[in-house]
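Please open the structure in the viewer and follow the stops below in order. Each stop names a selection and then describes what is found there.

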Amino acid sequence: MRSMKTAILLTGFGSGGQQGQRALLPFTQAVQAAFPDCALRWAFTSGLMRQRLAGARKKTDSAHKALCRLGFEKYQQVAIQPLQIIRGLENESLNNEIQAARLDGAPPRISVGAPLLDYEHNPASIERAALAFLRHLPPERQGREDKEAVVLAGHGSRHAADNNYSLLEQALQKYDRNIFVGTLAGEAALAGILQAVQERGLKKVWLVPMLSVVGKHTLRDIAGLEESGKGTPGAAEYGKGTPGALESGKGAGGKGAIGQQANGAEAGGQQANGPEAGQAAESWSAAFCRAGLECRTVVRGLVEYPAFIEIWLDNLRVALDQLA
(Lines give C-alpha, C1' and ligand atoms only; values in the text may rest on other atoms or scores of the structure.)
Protein backbone atom coordinates (compact mmCIF):
# COMPACT_ATOMS: atom_id res chain seq x y z
CA MET A 1 0.00 0.00 0.00
CA ARG A 2 1.15 3.53 -0.75
CA SER A 3 1.67 5.88 2.15
CA MET A 4 -0.08 8.76 0.36
CA LYS A 5 -3.48 8.90 -1.28
CA THR A 6 -2.52 8.35 -4.92
CA ALA A 7 -4.36 8.62 -8.22
CA ILE A 8 -3.55 7.81 -11.83
CA LEU A 9 -4.78 10.14 -14.56
CA LEU A 10 -4.79 8.74 -18.09
CA THR A 11 -4.98 11.34 -20.82
CA GLY A 12 -5.62 11.24 -24.54
CA PHE A 13 -6.93 13.40 -27.32
CA GLY A 14 -10.31 11.70 -27.03
CA SER A 15 -12.42 9.34 -29.08
CA GLY A 16 -16.03 9.60 -30.17
CA GLY A 17 -16.01 6.48 -32.33
CA GLN A 18 -17.26 3.15 -31.07
CA GLN A 19 -14.07 1.23 -31.82
CA GLY A 20 -11.89 3.85 -30.15
CA GLN A 21 -14.06 3.92 -27.03
CA ARG A 22 -14.14 0.12 -26.84
CA ALA A 23 -10.36 -0.05 -27.20
CA LEU A 24 -9.80 2.19 -24.19
CA LEU A 25 -11.67 -0.19 -21.87
CA PRO A 26 -9.13 -3.07 -21.92
CA PHE A 27 -6.32 -0.57 -21.44
CA THR A 28 -8.16 0.91 -18.46
CA GLN A 29 -8.60 -2.57 -17.02
CA ALA A 30 -4.91 -3.35 -17.55
CA VAL A 31 -3.94 -0.20 -15.61
CA GLN A 32 -6.35 -1.07 -12.80
CA ALA A 33 -4.95 -4.60 -12.57
CA ALA A 34 -1.35 -3.36 -12.52
CA PHE A 35 -1.93 -0.64 -9.91
CA PRO A 36 -4.91 -1.70 -7.77
CA ASP A 37 -4.00 0.66 -4.91
CA CYS A 38 -4.45 3.79 -7.03
CA ALA A 39 -7.65 5.56 -8.05
CA LEU A 40 -7.98 5.83 -11.83
CA ARG A 41 -9.38 8.74 -13.86
CA TRP A 42 -9.45 9.77 -17.53
CA ALA A 43 -9.09 13.19 -19.13
CA PHE A 44 -9.44 14.15 -22.80
CA THR A 45 -7.23 16.94 -24.07
CA SER A 46 -9.42 17.97 -27.03
CA GLY A 47 -12.05 20.57 -26.14
CA LEU A 48 -13.90 19.78 -29.37
CA MET A 49 -14.03 16.09 -28.51
CA ARG A 50 -15.28 16.82 -25.00
CA GLN A 51 -18.06 18.95 -26.52
CA ARG A 52 -19.02 16.16 -28.92
CA LEU A 53 -19.17 13.63 -26.12
CA ALA A 54 -21.16 16.05 -23.96
CA GLY A 55 -23.65 16.30 -26.81
CA ALA A 56 -23.98 12.52 -26.60
CA ARG A 57 -24.48 12.84 -22.81
CA LYS A 58 -21.04 11.42 -22.04
CA LYS A 59 -19.27 13.56 -19.48
CA THR A 60 -15.50 13.93 -19.70
CA ASP A 61 -12.95 16.20 -18.02
CA SER A 62 -10.02 18.21 -19.28
CA ALA A 63 -6.69 17.46 -17.61
CA HIS A 64 -6.97 20.74 -15.69
CA LYS A 65 -10.43 19.93 -14.38
CA ALA A 66 -9.55 16.33 -13.54
CA LEU A 67 -6.50 17.44 -11.55
CA CYS A 68 -8.44 20.09 -9.66
CA ARG A 69 -11.15 17.53 -8.88
CA LEU A 70 -8.52 15.14 -7.48
CA GLY A 71 -7.16 17.94 -5.34
CA PHE A 72 -10.64 18.67 -4.01
CA GLU A 73 -10.98 14.96 -3.16
CA LYS A 74 -7.79 15.24 -1.05
CA TYR A 75 -5.52 13.13 -3.25
CA GLN A 76 -1.93 13.96 -2.39
CA GLN A 77 -0.19 12.75 -5.53
CA VAL A 78 -1.03 11.94 -9.14
CA ALA A 79 0.82 10.07 -11.86
CA ILE A 80 -0.30 11.16 -15.32
CA GLN A 81 0.16 8.86 -18.32
CA PRO A 82 -0.58 10.38 -21.72
CA LEU A 83 -1.46 8.07 -24.60
CA GLN A 84 0.85 10.07 -26.82
CA ILE A 85 3.35 9.01 -29.45
CA ILE A 86 5.88 11.86 -29.13
CA ARG A 87 6.54 14.93 -26.96
CA GLY A 88 4.96 17.21 -29.55
CA LEU A 89 2.57 20.12 -29.42
CA GLU A 90 -0.15 18.16 -27.65
CA ASN A 91 2.32 17.17 -24.96
CA GLU A 92 3.27 20.82 -24.48
CA SER A 93 -0.40 21.73 -24.20
CA LEU A 94 -0.89 19.05 -21.53
CA ASN A 95 2.08 20.39 -19.57
CA ASN A 96 0.55 23.88 -19.69
CA GLU A 97 -2.71 22.49 -18.28
CA ILE A 98 -0.80 20.78 -15.49
CA GLN A 99 1.01 23.98 -14.56
CA ALA A 100 -2.28 25.90 -14.49
CA ALA A 101 -3.90 23.20 -12.34
CA ARG A 102 -1.04 23.39 -9.83
CA LEU A 103 -2.15 26.98 -9.15
CA ASP A 104 -5.83 26.01 -8.92
CA GLY A 105 -5.82 23.28 -6.29
CA ALA A 106 -4.35 20.19 -7.95
CA PRO A 107 -2.60 17.65 -5.72
CA PRO A 108 0.83 18.92 -4.65
CA ARG A 109 2.80 16.00 -6.12
CA ILE A 110 2.42 15.33 -9.87
CA SER A 111 4.56 13.24 -12.20
CA VAL A 112 4.08 12.59 -15.92
CA GLY A 113 4.86 9.39 -17.81
CA ALA A 114 6.75 9.38 -21.09
CA PRO A 115 5.17 9.02 -24.55
CA LEU A 116 5.83 6.04 -26.80
CA LEU A 117 8.79 7.59 -28.66
CA ASP A 118 11.02 9.69 -26.44
CA TYR A 119 14.56 9.69 -27.84
CA GLU A 120 15.60 12.95 -26.18
CA HIS A 121 14.93 11.59 -22.68
CA ASN A 122 15.24 7.85 -23.31
CA PRO A 123 17.03 6.76 -26.51
CA ALA A 124 16.14 3.11 -25.79
CA SER A 125 12.45 3.94 -26.32
CA ILE A 126 12.99 3.93 -30.10
CA GLU A 127 14.35 0.39 -30.18
CA ARG A 128 11.65 -0.88 -27.84
CA ALA A 129 8.90 0.64 -29.99
CA ALA A 130 10.49 -0.83 -33.12
CA LEU A 131 10.44 -4.31 -31.58
CA ALA A 132 6.80 -3.80 -30.58
CA PHE A 133 5.86 -2.97 -34.17
CA LEU A 134 7.77 -5.98 -35.46
CA ARG A 135 5.85 -8.14 -33.00
CA HIS A 136 2.52 -6.99 -34.40
CA LEU A 137 3.08 -6.89 -38.18
CA PRO A 138 0.28 -8.40 -40.32
CA PRO A 139 0.82 -12.18 -40.19
CA GLU A 140 -0.16 -12.61 -43.87
CA ARG A 141 3.00 -10.70 -44.85
CA GLN A 142 5.29 -13.25 -43.20
CA GLY A 143 7.58 -14.78 -45.81
CA ARG A 144 6.80 -11.96 -48.26
CA GLU A 145 8.88 -9.22 -46.69
CA ASP A 146 10.86 -8.71 -49.92
CA LYS A 147 7.66 -8.20 -51.94
CA GLU A 148 5.33 -6.25 -49.65
CA ALA A 149 5.85 -2.96 -47.85
CA VAL A 150 4.57 -1.92 -44.44
CA VAL A 151 3.89 1.79 -44.03
CA LEU A 152 3.35 3.06 -40.50
CA ALA A 153 1.25 6.23 -40.66
CA GLY A 154 1.53 8.57 -37.69
CA HIS A 155 0.10 12.00 -37.05
CA GLY A 156 3.33 13.98 -36.93
CA SER A 157 3.91 17.46 -35.58
CA ARG A 158 5.54 20.76 -36.46
CA HIS A 159 7.80 20.25 -33.50
CA ALA A 160 11.40 19.14 -32.96
CA ALA A 161 10.13 15.86 -31.49
CA ASP A 162 8.88 14.90 -34.96
CA ASN A 163 12.36 13.49 -35.64
CA ASN A 164 11.40 10.49 -33.47
CA TYR A 165 9.49 9.13 -36.47
CA SER A 166 12.59 9.06 -38.69
CA LEU A 167 14.59 7.48 -35.86
CA LEU A 168 11.93 4.79 -35.58
CA GLU A 169 12.14 4.09 -39.31
CA GLN A 170 15.91 3.72 -39.05
CA ALA A 171 15.51 1.26 -36.18
CA LEU A 172 12.88 -0.78 -38.02
CA GLN A 173 14.85 -0.97 -41.25
CA LYS A 174 17.71 -2.67 -39.43
CA TYR A 175 15.36 -5.66 -39.24
CA ASP A 176 13.16 -5.16 -42.32
CA ARG A 177 14.20 -2.73 -45.06
CA ASN A 178 10.67 -2.53 -46.47
CA ILE A 179 9.07 -0.92 -43.42
CA PHE A 180 8.55 2.82 -43.77
CA VAL A 181 7.33 5.47 -41.32
CA GLY A 182 5.32 8.49 -42.50
CA THR A 183 3.23 11.22 -40.95
CA LEU A 184 0.08 13.10 -41.88
CA ALA A 185 1.38 16.45 -40.63
CA GLY A 186 5.12 16.04 -40.09
CA GLU A 187 8.31 15.87 -42.13
CA ALA A 188 7.93 12.27 -43.35
CA ALA A 189 5.38 12.98 -46.07
CA LEU A 190 3.49 10.43 -48.15
CA ALA A 191 5.12 11.42 -51.46
CA GLY A 192 8.59 10.34 -50.37
CA ILE A 193 7.35 7.01 -49.05
CA LEU A 194 5.37 6.29 -52.23
CA GLN A 195 8.47 7.00 -54.31
CA ALA A 196 10.61 4.68 -52.17
CA VAL A 197 8.05 1.86 -52.43
CA GLN A 198 7.91 2.21 -56.21
CA GLU A 199 11.70 2.39 -56.59
CA ARG A 200 12.02 -0.93 -54.77
CA GLY A 201 9.50 -2.55 -57.09
CA LEU A 202 7.08 -3.46 -54.31
CA LYS A 203 3.53 -4.14 -55.45
CA LYS A 204 1.58 -4.37 -52.19
CA VAL A 205 1.39 -2.05 -49.21
CA TRP A 206 0.14 -2.70 -45.69
CA LEU A 207 -0.94 0.58 -44.09
CA VAL A 208 -0.65 0.45 -40.29
CA PRO A 209 -1.93 3.54 -38.40
CA MET A 210 0.50 4.68 -35.71
CA LEU A 211 -2.21 6.33 -33.59
CA SER A 212 -3.40 5.25 -30.17
CA VAL A 213 -7.04 4.59 -31.10
CA VAL A 214 -9.12 4.41 -34.27
CA GLY A 215 -10.73 7.71 -35.17
CA LYS A 216 -11.20 9.95 -38.17
CA HIS A 217 -7.50 10.20 -39.04
CA THR A 218 -7.39 6.41 -39.34
CA LEU A 219 -10.70 6.04 -41.13
CA ARG A 220 -10.68 9.10 -43.38
CA ASP A 221 -7.09 10.25 -43.90
CA ILE A 222 -5.39 6.85 -43.92
CA ALA A 223 -7.98 4.22 -44.89
CA GLY A 224 -10.06 6.46 -47.15
CA LEU A 225 -13.44 6.34 -45.43
CA GLU A 226 -15.77 9.27 -44.97
CA GLU A 227 -17.00 10.11 -41.48
CA SER A 228 -20.36 8.68 -42.52
CA GLY A 229 -18.63 5.31 -42.82
CA LYS A 230 -19.15 5.18 -46.59
CA GLY A 231 -16.31 4.03 -48.74
CA THR A 232 -14.28 6.41 -50.85
CA PRO A 233 -11.90 5.63 -53.70
CA GLY A 234 -9.09 3.52 -52.34
CA ALA A 235 -11.17 1.93 -49.58
CA ALA A 236 -12.76 -1.42 -50.19
CA GLU A 237 -14.45 -4.33 -48.52
CA TYR A 238 -14.02 -4.91 -44.80
CA GLY A 239 -13.37 -8.27 -43.25
CA LYS A 240 -11.16 -10.05 -45.77
CA GLY A 241 -8.14 -11.77 -44.31
CA THR A 242 -6.91 -10.29 -41.06
CA PRO A 243 -9.67 -9.07 -38.73
CA GLY A 244 -9.50 -5.32 -38.57
CA ALA A 245 -8.12 -4.87 -42.06
CA LEU A 246 -9.57 -3.02 -45.02
CA GLU A 247 -8.58 -4.46 -48.36
CA SER A 248 -8.43 -2.51 -51.58
CA GLY A 249 -7.53 -3.72 -55.01
CA LYS A 250 -5.27 -2.07 -57.54
CA GLY A 251 -6.37 1.27 -58.90
CA ALA A 252 -8.50 3.87 -57.19
CA GLY A 253 -11.96 3.13 -58.40
CA GLY A 254 -13.38 0.56 -56.02
CA LYS A 255 -15.73 1.48 -53.20
CA GLY A 256 -16.75 -0.62 -50.27
CA ALA A 257 -18.19 -0.55 -46.78
CA ILE A 258 -17.09 -0.99 -43.23
CA GLY A 259 -19.26 -1.96 -40.30
CA GLN A 260 -17.84 0.65 -37.94
CA GLN A 261 -19.03 4.10 -37.10
CA ALA A 262 -16.50 6.60 -38.41
CA ASN A 263 -16.80 9.47 -36.01
CA GLY A 264 -14.11 10.60 -33.63
CA ALA A 265 -10.43 11.33 -33.48
CA GLU A 266 -7.40 9.56 -32.18
CA ALA A 267 -6.55 9.72 -28.52
CA GLY A 268 -2.97 10.79 -28.63
CA GLY A 269 -3.25 12.64 -31.94
CA GLN A 270 -3.84 16.31 -32.52
CA GLN A 271 -6.87 18.01 -33.92
CA ALA A 272 -7.50 17.17 -37.56
CA ASN A 273 -5.47 19.26 -39.94
CA GLY A 274 -6.24 20.10 -43.52
CA PRO A 275 -3.92 19.93 -46.52
CA GLU A 276 -2.31 23.20 -45.48
CA ALA A 277 -0.86 21.39 -42.45
CA GLY A 278 0.83 18.78 -44.59
CA GLN A 279 -1.95 16.25 -45.20
CA ALA A 280 -2.71 15.01 -48.68
CA ALA A 281 -6.12 15.90 -50.08
CA GLU A 282 -6.78 12.20 -50.74
CA SER A 283 -6.36 9.34 -48.32
CA TRP A 284 -3.09 7.46 -48.15
CA SER A 285 -4.87 4.30 -49.25
CA ALA A 286 -6.25 6.06 -52.34
CA ALA A 287 -2.82 7.47 -53.19
CA PHE A 288 -1.21 4.03 -53.14
CA CYS A 289 -4.05 2.55 -55.17
CA ARG A 290 -3.89 5.36 -57.74
CA ALA A 291 -0.21 4.52 -58.17
CA GLY A 292 -1.20 0.96 -59.15
CA LEU A 293 -0.37 -0.70 -55.84
CA GLU A 294 -2.50 -3.15 -53.89
CA CYS A 295 -3.18 -1.68 -50.45
CA ARG A 296 -4.60 -3.02 -47.21
CA THR A 297 -5.18 -0.85 -44.16
CA VAL A 298 -5.15 -2.39 -40.70
CA VAL A 299 -7.88 -0.57 -38.78
CA ARG A 300 -6.56 -0.82 -35.26
CA GLY A 301 -5.14 1.63 -32.75
CA LEU A 302 -1.89 1.00 -30.90
CA VAL A 303 -3.75 0.65 -27.61
CA GLU A 304 -5.26 -2.56 -29.03
CA TYR A 305 -1.85 -4.26 -29.19
CA PRO A 306 -0.36 -5.91 -26.07
CA ALA A 307 3.20 -4.74 -26.78
CA PHE A 308 2.19 -1.07 -26.73
CA ILE A 309 0.03 -1.49 -23.65
CA GLU A 310 3.13 -2.90 -21.93
CA ILE A 311 5.19 0.15 -22.92
CA TRP A 312 2.64 2.65 -21.61
CA LEU A 313 2.24 0.62 -18.41
CA ASP A 314 5.99 0.66 -17.86
CA ASN A 315 6.12 4.41 -18.49
CA LEU A 316 3.35 4.86 -15.93
CA ARG A 317 5.24 2.67 -13.46
CA VAL A 318 8.25 4.97 -13.79
CA ALA A 319 6.02 8.00 -13.16
CA LEU A 320 4.62 6.38 -10.02
CA ASP A 321 8.11 5.51 -8.81
CA GLN A 322 9.06 9.17 -9.15
CA LEU A 323 6.41 9.97 -6.54
CA ALA A 324 7.81 7.49 -4.02
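The model shown here is predicted. Begin with two helices: select α3 and α4, and note that α3 passes α4 in a right-handed crossing. Helix α3 spans residues 63-72 and helix α4 residues 89-102; their axes come within 8 Å and cross at roughly 35°.

Next, display the side chains where these helices meet. On α3, select A63, H64, L67 and C68; on α4, select L94, E97, I98, A100 and A101. The residues of this contact between α3 and α4 comprise seven nonpolar, one polar and one charged.

The following stop is the interior. The largest nonpolar core has 48 residues, and within this core L152 and L168 touch the most other members. Select helix α10, residues 306-323, for the greatest contribution to this core: ten residues. Then centre the view on L152. Leaving aside residues up to four places away in sequence, L152 touches F133, L168, L172, I179, F180, V181, G182, V208 and M210. Apart from this core lies another, of 21 residues; to locate it, select L194, L202, I222 and C295, which are among its members. In soluble globular proteins, nonpolar side chains tend to be buried together.

For the final stop, select helix α8, residues 216-222, where H217 is found. Is H217 buried or exposed? H217 counts as buried because its relative accessible area is 0%, and the cut-off for buried is under 20%. Add D221 to the selection: the side chains of H217 and D221 make a polar contact at 2.7 Å.

Notes:
Residues numbered from 1 in each chain as written. Predicted model: local features only at pLDDT ≥ 70, side-chain atom pairs only at ≥ 80, totals over all residues. Heavy atoms only, no water. Core = buried A, V, L, I, M, F, W, Y, C linked by side-chain atoms within 4.5 Å. Buried < 20%, exposed > 50% of the residue type's maximum accessible area, 1.4 Å probe, protein only. Helix = DSSP H or I, 4+ residues; strand = E, 2+ residues; numbered from the N terminus. Contact = heavy atoms within 4.5 Å. Axes fitted to C-alpha atoms, helices over the stretch in contact; angles between N-to-C directions. Left-handed = near helix turned anticlockwise from the far one by under 90°. Nonpolar A, V, L, I, M, F, W, Y, C, P; charged D, E, K, R; others polar. Polar contact = N/O pair within 3.5 Å; in protein donor to acceptor, adjacent residues only side chain to side chain.
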